[in-house]
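Visitor: I would like a close look at one part of this model, and at what surrounds that part. Please take me through it slowly.

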Amino acid sequence: MTVEPHILDVRGDKCPIPIKKLRDTIRETPEGSKIHLLTNDLESRHDVPALLRRLKMPPALMIEAEVGLIFKIENQKL
């Protein structure tokens, strides 16, 4: 049984809102769950990896798409 990822759509939000919402989502979702962050704030290219390093989490897979950026994040500690 595959668990669907939690979709966090922050398109239209500008820094620091996407990172605050991502941090809250990481706290609220169970460890081991997957989070897909959709953003069109280009600062997220740097902000998301920095947040995950601070939280000692694995790096996200970043995909460039027509909608902006998609970060695939696994909610787990290293």
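Visitor: In E4, which residue is the bridge partner of Thr 39?

Guide: The bridge partner of Thr 39 in E4 is Leu 69. Before going further, note that this is a predicted model. Let us begin with the strand pairing behind that answer and then work outwards.

Strand E4 covers residues 68-74 and pairs with E2 in the antiparallel sense, over six bridges. Besides Thr 39 and Leu 69, Lys 34 of E2 has a bridge partner in E4, namely Glu 74. These two residues also meet through their side chains, in a salt bridge with 3.2 Å from N to O. That salt bridge links distant parts of the chain, since Glu 74 lies in strand E4 and Lys 34 in strand E2, 40 residues apart. Glu 74 is partly exposed, with a relative accessible area of 30%, and Lys 34 also counts as partly exposed, at 42%. In general, side chains of opposite charge can pair when their charged atoms come close.

Strand E2 itself runs over residues 34-39, and five of its six residues are buried. E2 also pairs with strand E1, residues 6-9, this time in the parallel sense and over four bridges. To get from E1 to E2, the chain passes through helix H1, residues 17-28, and this β-α-β crossover is right-handed. Within the E1 pairing, Leu 8 has Leu 37 as its bridge partner in E2, while Asp 9 stands opposite Leu 38.

Asp 9 has a charged partner too. Arg 11 forms a salt bridge with Asp 9, and their closest N and O atoms are 2.5 Å apart. Asp 9 is partly exposed, with a relative accessible area of 39%, and Arg 11 is partly exposed at 35%.

Now to E4 and its other pairing. Strand E3, residues 61-65, pairs with E4 in the antiparallel sense over five bridges, and one of the partnerships joins Ile 63 to Ile 70 of E4. E3 and E4 form a hairpin, with two residues between them. Five of the seven residues of E4 are buried, so this strand is largely enclosed by the rest of the structure.

What lies against these strands? Part of the reply is helix H2, whose buried residues pack against H1, E2 and E4. H2 spans residues 44-54, and Ser 44, Val 48, Leu 51 and Leu 52 are its buried residues. Looking down the axis of H2, these residues fall within an arc of 95°, so they line one face of the helix. On the other side of H2, His 46, Arg 53 and Arg 54 are exposed. After H2 comes Lys 56, which has a positive phi, near 55°.

The nonpolar core brings several of these elements together. The largest such core has 14 residues, and those with the most contacts inside it are Leu 22, Ile 26, Leu 37, Val 48 and Ile 73. H1, E2, H2 and E4 each supply at least two residues of the core.

Leu 37 is a useful residue to select on the screen. Leaving aside residues up to four places away in sequence, Leu 37 touches Leu 8, Val 10, Leu 22, Val 48, Leu 69, Ile 70, Phe 71 and Ile 73. Among these neighbours is Leu 8, its bridge partner. Another is Leu 69, the residue that answered your question as the partner of Thr 39.

Some charged pairs remain. The whole structure has six salt bridges. In one of them the side chains of Lys 21 and Asp 13 meet, at 2.7 Å from N to O. Lys 21 is partly exposed, with a relative accessible area of 35%. Elsewhere, Lys 20, Asp 24 and Arg 27 are linked in a network of salt bridges.

To return to where we started: E2 pairs with E4 in the antiparallel sense and with E1 in the parallel sense, and the buried residues of H2 pack against E2 as well as against H1 and E4.

Methods. Residues numbered from 1 in each chain as written. Predicted model: local features only at pLDDT ≥ 70, side-chain atom pairs only at ≥ 80, totals over all residues. Heavy atoms only, no water. Buried < 20%, exposed > 50% of the residue type's maximum accessible area, 1.4 Å probe, protein only. Pairing = 2+ DSSP bridges. Right-handed = clockwise from strand over helix to strand, strands pointing away. Arc of directions from axis to C-beta. Contact = heavy atoms within 4.5 Å. Core = buried A, V, L, I, M, F, W, Y, C linked by side-chain atoms within 4.5 Å. Salt bridge = Lys/Arg side-chain N within 4 Å of Asp/Glu carboxyl O.
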